[in-house]
Every structure is written in structure tokens, then in C-alpha cells.
Amino acid sequence: MSDKPNNTQALLNLRDEIDGIDKQIHTLLNQRATCAQKVAEAKLQDDPNAIFYRPEREAQVLRKIQERNQGPLADEDVARLFRQIMSACLSLEKSQKVAFLGPEGTFCQSAAIKHFGDWMQSMPMTTIDEVFREVEAGACEYGVVPVENSTEGVINYTLDSFLNSNLKISGEVELRIHHNLMTAKTNDPKNITRIYSHQQSLAQCRKWLDAKYPNAERVAVNSNAEAAKRVMSEWNSAAIAGEMAAEQYDLLILNDKIEDKPDNSTRFLVIGRSEVQTSGKDKTSLIISMKNQPGALFNILKPFKDLKVDLTRVETRPSSSSTWAYVFFIDFLGHLEDENIQKLMQQIKQTAADVKVLGSYPVAVI
Ligand SMILES: O=C(O)C(=O)C[C@]1(C(=O)O)C=C[C@@H](O)C=C1
């Protein structure tokens, strides 16, 4: 018997128990990965040009995990763990290249990692348009682009990019956005006279900046990560960016969570070249142009009421072609394969000048 105090022996016994559990988890993880490899083989036998990433199936797996979770780990934490397990399994089937609005360290990259896990290959692009082009050209399987922020509203450039693209929406990601003021570790915060960030981030932290740095020059740049890159070499500057950017560019966070609204979040869209099957809890996005006649908008929206389809967003944008004065970007709950959505689409097509389906995709799970 060890002469160590009881609590050490109890500790050692518990560690033995953990070792036994880890051994089981390790075995099961490799069994699961082997299954995923067999799934890949089955997909290829069915279709030599098989699509390996299946967002509908991943959403179903993550929902089941959350539904049966008994704790002590929180539902979202367990789902994030399984998100990573599926990411590792998918990488055994086929590595996924995902374009995002860069550079490295942007919230868009954080959204891509949240959705695809750490095993995807993230490819930074300088503009939203470039993300679309990279996926259209087949250089990347998927892309992630920002579409709306809870404080600043919709990102028009993303909506307009869909007008001239054949890409489909494959998924959506919700990301809580925390802004931090950061600077180079060699800088003296008292010398800060210029603050860089994306124009949306400067706007989301306006009140904080007015209170803390009323006289600092505010310079809008393409992205928060670009702002972080700049301050690495400027002794009198600071950047507003996410935690990931501070890590990426080895910066010191002077103040964290400086956003004016505590529930500040951004929604991102996952874009791809193929349609997504039904997952059981889906959303559909359309672009609808209306005939220039009285009551046209009412006629478009009436079928949603009649068929009890839940509209989640309606945005108006100027049309890119002369024939369309305005187009409507409409999101609603349901999948194109659902019977009531098929009825809805028939009625919309009777009254609209034109309808462009952007896709049906799983409602964000984590
Ligand atoms: O079920 C599949 O189609 C799989 O490829 C397996 C799996 C998984 O790990 O659960 C992996 C990748 C897919 O995106 C979906 C699920």
C-alpha cells in the first residue's frame, strides 16, 4: 500500500479510470474513421464524381449529439467536439479546400473553421468576389462569405455577388463577434493616435472609441486582419480585430469585447457548386424579381402566409439588369423538396417576373 496521503491514491485510481476510458474512445474513434473511409468507397462506387462533404448528414449528426447529451459537457461543446471528429473523418475521404474572405485571422476564417473543422484547408482571398470566383473555377470546393451583421445589417456586396453567380448556398454559420483593441507588444498604448479596422467594426465600436479614443484617427481597411497586420510595424497605431488576429500577428490585446452591442453577431454563408439534400430542419434562399405592377410584392408574399411558411429575411437590392427594377432576397424555413415548399414555389413562379433559387441548406446547428 502506498504511504502517500489518501487523496493521492484516489487521484491515481481516477487517472487509471480515465486511461481506460481514453483507450475505449481511441479505439472507437479509429473504428468511426474506418467506417467513414468505407462510406467514401461506397460513394465512389455509386458515383465516380461523388461529393464527399454532406452538410445535411453533418447537421443530423450534430443535432442528434445535442439532443441526447446528458452533460456535464454543454450541448454546444459536445457538438463542437463531434464537429472536429467529422472534420477529421471527412479529411480521410477527401480534403476540402475552403476559400474565405482573408487575410488569415479574419472572423470569416473563424466561421469557416467553426463550420468545417480544423482539417479543412482554408484559402484566404482578398475580396468576396474572389471567393465566389475560386469556387466557380473549382479551385476550392466551398467558400465562406459574410452576409449580415446584427448591428450593421446586410452586406450588400455578398447579395449582389449571387445575382451573377450560379453557385448554391450549402450552409450558414452564426458567429458571435467580439472586437478587441490590440497593438504591437513593443508599442506604448499612450502613443496611439491611429486606429485601423474594417468600416463595419469601427461602426460597431463607435461609442467605445468616442469614449476612450475620441481624438484617434479611425482608418477603415479591407478587413480586421489587414488592420492587425498594419499595426505590427506602426508604433502609434492600434487595430480592432478578433482574438484570432492577435494570435496570428502576435499582438497585445489592450481591451477586449469593446463592441457597443453585447449580442453582436455575424451570419456567414457557405457557397458551393452542388445542391444539398434535406436534413429535416432547413432553410431556403431565393432571389425574386417582381413585375412592375401594383400589389406585386403582396402577391409574392401572400403564398407564404397562405401556406404558413416562416419567412426569416426579406432584403431589397437594385437589380443588376435593366429589366429588373428591384430584386428581393428572401430566406424562409423549409427545403425545396418539402411538399408545401413545392406548392409555394408554384405560386411564386406564377406571380414573379423571375425566380432564382440560391439553395436549400441546413439551419445552422452550432
Ligand atoms: O455519412 C457520410 O456521408 C460521411 O461521409 C461520414 C461523415 C461523418 O464523419 O459522419 C463525414 C463527412 C460527411 O460530410 C458527413 C458525415
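A polar contact here is a pair of N or O atoms within 3.5 Å. Keep that cut-off in mind as we look at the ligand in this predicted model.

**Around the ligand**

Let us start with the atoms that reach the ligand through oxygen. At Arg54 the partner is a polar backbone atom, 2.9 Å from an oxygen atom of the ligand. Because a polar contact needs N or O atoms within 3.5 Å, this pair at 2.9 Å fits the cut-off. Two side chains also take part, and the table sets them beside Arg54.

| Residue | Partner of a ligand oxygen atom | Distance |
|---|---|---|
| Lys43 | N or O atom in the side chain | 2.8 Å |
| Arg54 | polar backbone atom | 2.9 Å |
| Glu93 | N or O atom in the side chain | 2.5 Å |

How much of the ligand does the protein bury? Taken alone, the ligand exposes 360 Å², and 91% of that is buried by the protein. The helices that each give two or more residues to the surrounding shell are H1 (6-46), H2 (55-68) and H3 (75-93). Which of them gives the largest share? That is H3, with four residues.

If you would like to find the shell in the structure, look for Arg32, Val39, Lys43, Phe52, Tyr53 and Arg54, which are among the residues around the ligand. The others to look for are Arg57, Glu58, Met86, Cys89, Leu90 and Glu93. By class, the shell holds six nonpolar and six charged residues, with no polar ones.

**The domains**

Stepping back to the protein chain, the domain assignment gives domain 1 (15-92), domain 2 (95-177 + 265-271), domain 3 (180-255) and domain 4 (275-362). Let us take domain 2 and domain 4 as a pair. Their C-alpha centres lie 22 Å apart, and 17 residues of domain 2 are in contact with 20 residues of domain 4. Between these two domains an area of about 1600 Å² is buried, and carbon and sulfur atoms give 53% of it. Which residues of domain 2 lose the most area to domain 4? They are Leu163, Lys168 and Ile169, together giving 38% of what the domain 2 side buries.

**Backbone details in the loops**

A few spots along the backbone also deserve a look. The peptide bond from Gly71 to Pro72 is cis, with omega near 10°; Pro72 sits in the loop between H2 and H3. Another cis peptide bond runs from Gly102 to Pro103, with omega near 5°. You will find Pro103 in the loop between strand S1 (97-101) and helix H4 (107-116).

Further along, Lys257 is not a glycine, yet its phi is positive, at about 50°. Lys257 belongs to the loop that lies between strand S10 (251-255) and strand S11 (265-272).

Definitions and conventions
Residues are numbered from 1 along each chain as its sequence is written. This is a predicted model: local features need pLDDT of at least 70, side-chain atom pairs count only at pLDDT 80 or more; totals for chains, interfaces and linings use all residues. Side-chain values use heavy atoms; hydrogens and water are left out. A residue is near a molecule or strand if one of its heavy atoms lies within 4 Å of it. A polar contact is a pair of N or O atoms within 3.5 Å; within protein, one must be able to donate a hydrogen and the other to accept it, and residues adjacent in sequence count only if both atoms are side-chain atoms. Accessible areas come from the Shrake-Rupley method with a 1.4 Å probe; for residues, only the protein chains shown count as cover. Ala, Val, Leu, Ile, Met, Phe, Trp, Tyr, Cys and Pro count as nonpolar, Asp, Glu, Lys and Arg as charged, and the others, Gly among them, as polar. Domain bounds come from an automatic or database domain assignment. Contact means heavy atoms within 4.5 Å. Buried area is the accessible area (1.4 Å probe) that two parts lose on being put together, summed over both.
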